[in-house]
Amino acid sequence: MNIWAWVEKLQDDLRDAGQGQSADSINQLTNYVSELEVERAEALLPEVKAINKTLANPWLDVFTRHWEMRNRLGNQMEGETALADAVSLFEAAHRENTIDCPQSVCVTQDLATCYANIDGPGWVPERIEVCEETMTRIDPSWACYQCLSVEKGEALLDAKRYDDVLAYMDEQEQKIIDAGEEDFGGLAEVRVHALLAMGRPADALLLIEALEAKADGPEWKNTTQPRDLAKALALVGLGRDDEAMELVPAYNEIAPRYRKNWVRIVYELVQRAPERNTWGLGSTVYRTLLQYSRQGTHRLVIDLTEPAVRLAVQRGSAWSARRHLALALPHVDKLKADCGASALLAELSALVDAMPDQDTLPVPADELLTWLDREDPERPPRDPEVEVQWLLRALQQRPDDVALLENTASALQACSAEEQGIALLWDYVREHTEQEDRMAYYLLGQLLDSGEHEQVKRLIQLYRPTVPLTALWCEARMAERLSDWPELERACRGVLALDPERHGARDMLARALMKQERFAEATLCYHQLVEVLEQPGPTLWDLMTAASCAEDWASVREVAQRLEMELSSQQGPIEEDWGWAIVRFVENGEAVDYYARRTGPVTARIVENAYHKHAQHVGDRVVFDASMLFQPPEDEQERERFVPTYLMVHVLEKGGFGPSWLVDGVHPGDAAFGALREQIEAKGWQLWVHSNSDYQLSDGEQTDQAPLPGMYFTVAIPAHLPAADLHETLRAATAQWPHQLCWLHLAEHCQVDTQPHHQVIERYSL
């Protein structure tokens, strides 16, 4: 059953009503979740929820909230923090006006996942019951049937009924096949983890390799990432460590849900390569547990505490081992069933208690920093996990030693113990509010990095009566972090009123004005700044950017002269040819790059058509930030081909073009295509070829023929012209070409016969 049919129809209706952006946003949300783009999905949610509110469609509300849960429960591994919302969604999806929505079935998966995240083994019977009850409402032709089968299989996994898991997966797969459907991979993934739990890594690897061979075309990352990590676990189980390491993505690229497998892989690797067991690894493992702890995934915190503590013991760090245990202990009381949790933590605690005392200072407290900083070629590299125990002991003896406090807080931060470092800084700051103190600013930085904005407000209130300058600076820094540009402007003006020599505040003020598009005021601010700075180099470029946005070309020329740049014109807008550039736009949290011709020091005109469904920028005249986003390569030959990329700051003038229309098919030859290009450009339209010489197509009607050169390009026409003009131009210009091209989306938009385009797609497998 196509459970997506209704939402696809809704999207078509939105596009027909001129609300294509709304339709695209709904689609983009599901894409972000499936691609494990956690932050982008979160950023897009308010927009999609606003669409729901406008449309007042209860089915769409269930759909959106389900995908929000897929991101929170599926990608981020939330547990108790999401329980109230998961229960609320379950109730909302079973009301009279939503019960017939196909996604009302999906929310059962959400609720089961939430309980599994909180305490998988403790909630096994309830998880199985809710899955079985819901499956009686549907049949194996539903995609939801597979999802619910996976949920029940994972419950059996948590119950350690591994033989039952394999038998149940076989049974469900046969039902799905009998219904004419195909396993999308979820059932096999459960089988893999059952085999791994049974100590059968070779069998698990064979199954994973079969899944990889079966894959046809691009796959979602929520399929490939867990499969790669499961494969790494299988390879580790077979002692093939180097192959396993090649499969494991960088930690920050792994979705929070799958970091549990990363911890397990690393633990096994370290047993055969102890040199990998570093303080940095300990810091990352603790950060993982801390995230799970904050999300209320109680069982997982306790389960992962075992490898975390054992790694710390192997490193000889009782301090780290104890804080792992301290983090895990409160979660025991929040489990539905103990299932061995208390015994595990007791065993680990005994292991730590047996470690030798490591708190004894190597030198007197007042000599510790000098001793740590000494140069000694025989000494091993600095290790904050080792040093932090000494630093804490020394700080107890010398609580007012600022240098010692700063080093201790820094070591704690390196070990992902920011909360402890912040507490120490608070202890000091509360007793030293009579004057401006750098420890207050150090605390401010730690609080902002940790997202502790309520604590920043407390810091502001602490200093407001005694040192208002410090309070205002804290307000400015928090406003900057929150992108609250009016508040940043207010706070910076307050700082400058008390101390006009605070050049950092003036620089922040200029940026706040730029973000508010008050470019003339920002230009004046930068003018004031460059006059007082001893080395204003980068600020001169900021001034040029602000002046260009304000179209203050006299100031741009003045700065250019100061930077020894030669401009060909003496007045008016600067429109010169400075070669190629790439300009990056950031839209809905996504970076999109376009080729442009640079027209001056920080201005350019976009010459590349927008991608399908993206906002059109071709022809736009823009101002960009002068800092390159990527540095030129060191290799001489690569440097010759290098095109610098800059971040777009402001659009001076819109190009006035409508959306891009994709044309795809067999290349007709240079002469024929050149004639088409001339015809299109003579009309003032924009054509851009996106394919390269490697793009080849096969003719399904000439199977014995060699591959044909392919091409795909887009055309954009002025927004005021009907798209039918382009359709007719393409039809007439390509009618005699031996191989017809496809412009399906354009034909659909123009409501003309689309059959020829479907035939081209099928013939050439476009």
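Q: Before we look at folds and pockets, what does contact mean here?

A: Contact means that heavy atoms lie within 4.5 Å. Keep that cut-off in mind as we read this predicted model.

Q: Then what share of the contacts in the chain between residues at least 6 apart in sequence join residues at least 24 apart?

A: The share is 60%, counted among contacts between residues at least 6 apart in sequence.

Q: How should I take in the chain as a whole, starting with how many helices and strands there are?

A: Begin with the secondary structure, which comes to 35 helices and 9 strands. Then turn to extent: the C-alpha atoms fill a box of roughly 85 × 80 × 55 Å along the principal axes.

Q: And what does the surface look like in numbers, for burial and for accessible area?

A: Of the 766 residues in the chain, 49% are buried; a residue counts as buried when its relative accessible area is under 20%. The accessible surface comes to about 36500 Å², and carbon and sulfur atoms account for 49% of that area.

Q: Let's zoom in on a strand. Is β9 mostly covered or uncovered?

A: A good way to read a strand is to look at its burial and then at its partners. Strand β9 spans residues 708-716, and 7 of its 9 residues are buried, so "mostly covered" is a fair description under the 20% cut-off.

Q: Which strands pair with β9, and in what sense?

A: Let's take the partners in turn. Strand β6 (residues 661-666) runs antiparallel to β9 and is joined to it by 6 bridges; within this pairing, Val-663 has Phe-713 as its bridge partner. Strand β7 (residues 686-689) is also antiparallel to β9, with 4 bridges, and here Gln-686 stands opposite Ala-716. Finally, β8 (residues 696-697) pairs with β9 in the antiparallel sense over 2 bridges, where Gln-696 stands opposite Pro-709.

Q: Now for pockets. What is the volume of the second largest pocket, and which residues are closest to its centre?

A: With a pocket, read the volume, then the lining. The second largest pocket has a volume of about 910 Å³. It is lined by 25 residues, and those closest to its centre are Arg-15, His-612, Trp-661, His-745 and His-749.

Q: Which helices supply at least two residues each to that lining, and how does the lining divide by residue type?

A: Helices α1 (5-16), α2 (20-34) and α34 (744-750) each supply at least two lining residues. By type, the lining divides into 9 nonpolar, 10 polar and 6 charged residues.

Notes
Residues numbered from 1 in each chain as written. Predicted model: local features only at pLDDT ≥ 70, side-chain atom pairs only at ≥ 80, totals over all residues. Heavy atoms only, no water. 1 Å grid on protein atoms, 1.4 Å probe; cavity = no way out; pocket = protein on both sides within 12 Å on 5 of 7 lines; lining within 4 Å. Points joined across faces, edges and corners; volume = space filled by probe spheres on them. Nonpolar A, V, L, I, M, F, W, Y, C, P; charged D, E, K, R; others polar. Buried < 20%, exposed > 50% of the residue type's maximum accessible area, 1.4 Å probe, protein only. Pairing = 2+ DSSP bridges. Areas by Shrake-Rupley, 256 points an atom, 1.4 Å probe, with all protein chains shown as cover.
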